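User: I'm new to this one and want to know how each label is earned. Could we look at it together?

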Amino acid sequence: MTVASTRPGTTAGPAFSEPDTPLQRINAPRGFWRGSTDTLAEIWRYRELLGNLVRKELKVKYKDSVLGFVWSLLMPLVQLGVYWLVIGKFLGAGAIPTYGVYIFCGLATWTLFSEVLSTATTSVVFNAGLVKKVYFPRELFPLAAVGAALVNFCFQLVILLVADVIAGASSGKWPNIEYLPMPILGLIVLVVWAAGIGMLLSAANVYLRDIEHLIGVVLMLWFWVTPIIYNVTRVSTTLPRALYQVYLMNPMAAVVFSFQKFFWPQGSGTPYEFSGDIYGRLGLLLVFGLVFLWLAQRVFARAQGNFAQEL
Amino acid sequence: MNQPVIRVTDVSKKFVIRKDKSLKERLVNSRRSRAHAEEFWALRDVNLELDPGHTLGLIGGNGSGKSTLLKIIGGILTPTTGYVERRGRLAALLELGAGFHGDLTGRENVYLNASILGLSKAQTDRYFDSIVDFSGIEQFIDTQVKFYSSGMYVRLAFAVAIHVDPEILLVDEVLAVGDEPFQRKCLDRIKQFQGEGRTIILVTHSLEQVRQMCDRVVLLNSGQMVVDGDPGEAVRHFREANSEQDHALQEHTEHALTISGVRTFGDDGKQHPIYPVGTPLGVEFQVTAEHEVSDWAAGIALTDASGLLIYGTNTVLQEITPEPVTGKRTVRFRFDQLPVSDGQYFIDVAVHPKMGSDYHRIARAASFQISNDANDPGVVALNPHVEIE
């Protein structure tokens, strides 16, 4: 090929898309109240990339380590052991039946929640190289964090089931299949809220790097206001009534109750079990959670236009 | 009727330069920092329409807004005002291997990078062998990328990028990396893209590349479109602007021999900014000595805009021994014709002893342009006779 012949001039090449395809405005401002459907459609188109990003997160996390995924199980298992021994035995919370299973219901869900929040918060900043160089919906970064945390959660669920089998064999009380929809709904509520908060924080962290430090503190506090290692009955008798209602508004509380209801049959009928209407709470939380997630996405969409220049 | 593939309407982009980032700094300086926040317009009212199958070059100095414009077209940045419309699949080669992760193997990175650039798993499977083949690093494809040499890294990244099948391709300076055979490979591939009628927007500092590859060039200066048109015209404009800047930098120090009044002249003995190709041309300058200097020689060098030495000579090489100088002398170098092609050229002038360091040297002491009606690329102006039998 000679140099001169490489000038394309005005000769039109093969048409790739129809020549009368209308021009599409890119990054068109869609207003605050509309545009979610467009984003959803776009995320759907990039679903394969989302899968790849999740895979990348998981692969990178334990690359070159001998134990690999075992590490993501070890942390909650050690936590479980410590809480069981220190709080269950030394501090005498042992009155709660099969205390180990009780804690793990909370710990497994909590680990999922905190992992989503902490990895989603830094997701956009850590991927600055991509944000600045390639276009695809930025929502994929926090969503990939959700996906990766969900995979880890599956492994914990296996442990929880094994624990249930052991506890069931020794106590003769098996999970009631009737309650199975409860933790499933609980998991959905958890993911919706975690994705919403994660999305907000990932956008905020681009402008204010303090967020990634702040989230550690907030998660620690949040852990202790969620009935994971202590039982909620104690809270209801200690706190004034109004404050107790505020305490119960914590989405994670309802999620933990839903898991305990199914995976901790040993507690049913005991005073340690949450006696309120779990389905009602979950349903309400889901509605609010979806509204919140939608609002979070709108804020994210507003903020993302400036990501590339702020990073 | 051909519809444009890209239309840029009244696009402006404002950056606000702030330095504080932490919460504390923001709270402490909240009022002050807002007042001190500096505004900076990277782009101002850019309008552009690009028809399919064309190759557009964006040129301009550093910070002129080329990359910003490219990123806005690519959808990575949103403009402050105005908007961009486009149609068709777009791929942006803004940085090779932007999505590579050092801990993943070459194979894993190929799949990840391909999906970032918009290829599906099935497509990547199909292209995989060809990607690896193009990169030429089969042996290392299952090695973690962090162990790659930078060349291998770039090769693999480029191999992925060119297998994306875009209708619009945005290229930002990526052609400047890699060894020479690899660069040639990249250029060949881009030429192939051109031949297939794809639309390409190219940001580069290599004006030679622009003249070779583009059929339209936009010159940006401080975010404004200065020239939009034929490559030769835009490049000439850009070089003129640059040479004006160079002239502003002139030094004033004491020398045993001082050069002054450097000028070029044509066959009429007068200085012109532009000479037609092939005319006689001379260089003249004055040499001044306060005290007598007996050991001296004078020399000139002709360079092109990129600093490439085209020709150089001095009185020693020409076997001329000048008489000792006191006061002022005029030195003249004459060429019967200067067979260089279209472009901006510079004259460096120096006076020095036969051995030892210079008395005085002025880099780019004079500049001139050669104009040529022919559009043939290259440094020398030749007149070929083409015969086809």
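User: What does phi do just after α6(A)?

Analyst: Gly172(A), which comes right after α6(A), takes a positive phi of about 80°. Helices here are DSSP runs of H or I with at least four residues, strands are runs of E with at least two, and both are numbered from the N terminus. This is a predicted model, where local features need pLDDT of at least 70, side-chain atom pairs count only at pLDDT 80 or more, and totals for chains, interfaces and linings use all residues. Residues are numbered from 1 along each chain as its sequence is written, while chains are lettered from A and ligands numbered from 1 in the order in which they are written.

User: How far does α6(A) reach, and how does that sit with what's expected?

Analyst: α6(A) covers residues 140-171, which is 32 residues, and spans 45 Å from its first C-alpha to its last. The expected span is 1.5 Å times one less than the number of residues, and for α6(A) that comes to 46 Å, close to what the model shows.

User: What makes α3(A) oblique to α6(A)?

Analyst: Helix α3(A), residues 70-90, packs on α6(A) at an angle of about 55°, with the axes 10 Å apart. Axes are lines fitted to C-alpha atoms, for helices over the stretch in contact, and the angle runs from 0 to 180 degrees between N-to-C directions. Under 35 degrees counts as roughly parallel, over 145 as roughly antiparallel, 65 to 115 as roughly perpendicular, and the rest as oblique. The angle falls in "the rest", so α3(A) is oblique to α6(A). Ser72(A), Leu73(A) and Pro76(A) of α3(A) meet Asn152(A), Phe155(A), Gln156(A) and Ile159(A) of α6(A). In contact means that the C-beta atoms, placed from the backbone, lie within 7 Å.

User: And how is the crossing of α3(A) and α6(A) handed?

Analyst: α3(A) passes α6(A) in a right-handed crossing. A crossing is right-handed if the near helix is turned clockwise from the far one by less than a right angle, and left-handed if anticlockwise.

User: Why do α7(A) and α11(A) get their label for direction?

Analyst: The axes of α7(A), residues 181-207, and α11(A), residues 251-263, come within 8 Å and cross at roughly 155°. That angle is past the antiparallel cut-off, so the two helices are roughly antiparallel to each other. Residues in the contact include Leu185(A), Val189(A) and Trp193(A) of α7(A), and Val255(A), Phe259(A) and Phe262(A) of α11(A). This crossing is left-handed.

User: Which label fits α4(B) and α5(B)?

Analyst: α4(B), residues 121-135, and α5(B), residues 150-163, pack at about 140°, with axes 8 Å apart. That isn't over the antiparallel limit, so α4(B) and α5(B) are oblique to each other. Their crossing is right-handed.

User: Why does Asp10(B) count as exposed?

Analyst: A residue is buried if 20 or more other C-beta atoms lie within 10 Å of its own, exposed if 12 or fewer, and partly exposed in between, with C-beta atoms placed from the backbone. Asp10(B) has 12 such neighbours, so it counts as exposed. Asp10(B) lies in strand β1(B), residues 6-17, and has a positive phi of about 50° although it is not a glycine.

User: What about Glu319(B)? How many C-beta neighbours does it have?

Analyst: Glu319(B) has 6 inside 10 Å, which makes it exposed. Glu319(B) lies in the loop between β14 (309-314) and β15 (325-335) of chain B, and its phi is also positive, near 55°.

User: How do you know whether Ile362(B) is exposed or partly exposed?

Analyst: Ile362(B) has 19 C-beta neighbours inside 10 Å, so it counts as partly exposed. It is in strand β17(B), residues 360-371, and among its contacts are Ile259(B) and Val262(B).

User: Which residues have the most contacts inside the largest nonpolar core?

Analyst: Ala194(A), Leu58(B) and Leu170(B), in a core of 150 residues. A nonpolar core is a set of buried Ala, Val, Leu, Ile, Met, Phe, Trp, Tyr and Cys residues joined through C-beta atoms within 7 Å. Apart from it lies another core of 26 residues, including Tyr275(B) and Phe285(B).

User: How much of each chain is buried?

Analyst: In chain A, 41% of the 311 residues are buried, and in chain B, 39% of the 389. Chain A has 13 helices and 1 strand, whereas chain B has 8 helices and 17 strands.

How values were computed. Contact = placed C-beta atoms within 7 Å. Lists of a residue's contacts leave out its neighbours within four places in sequence.
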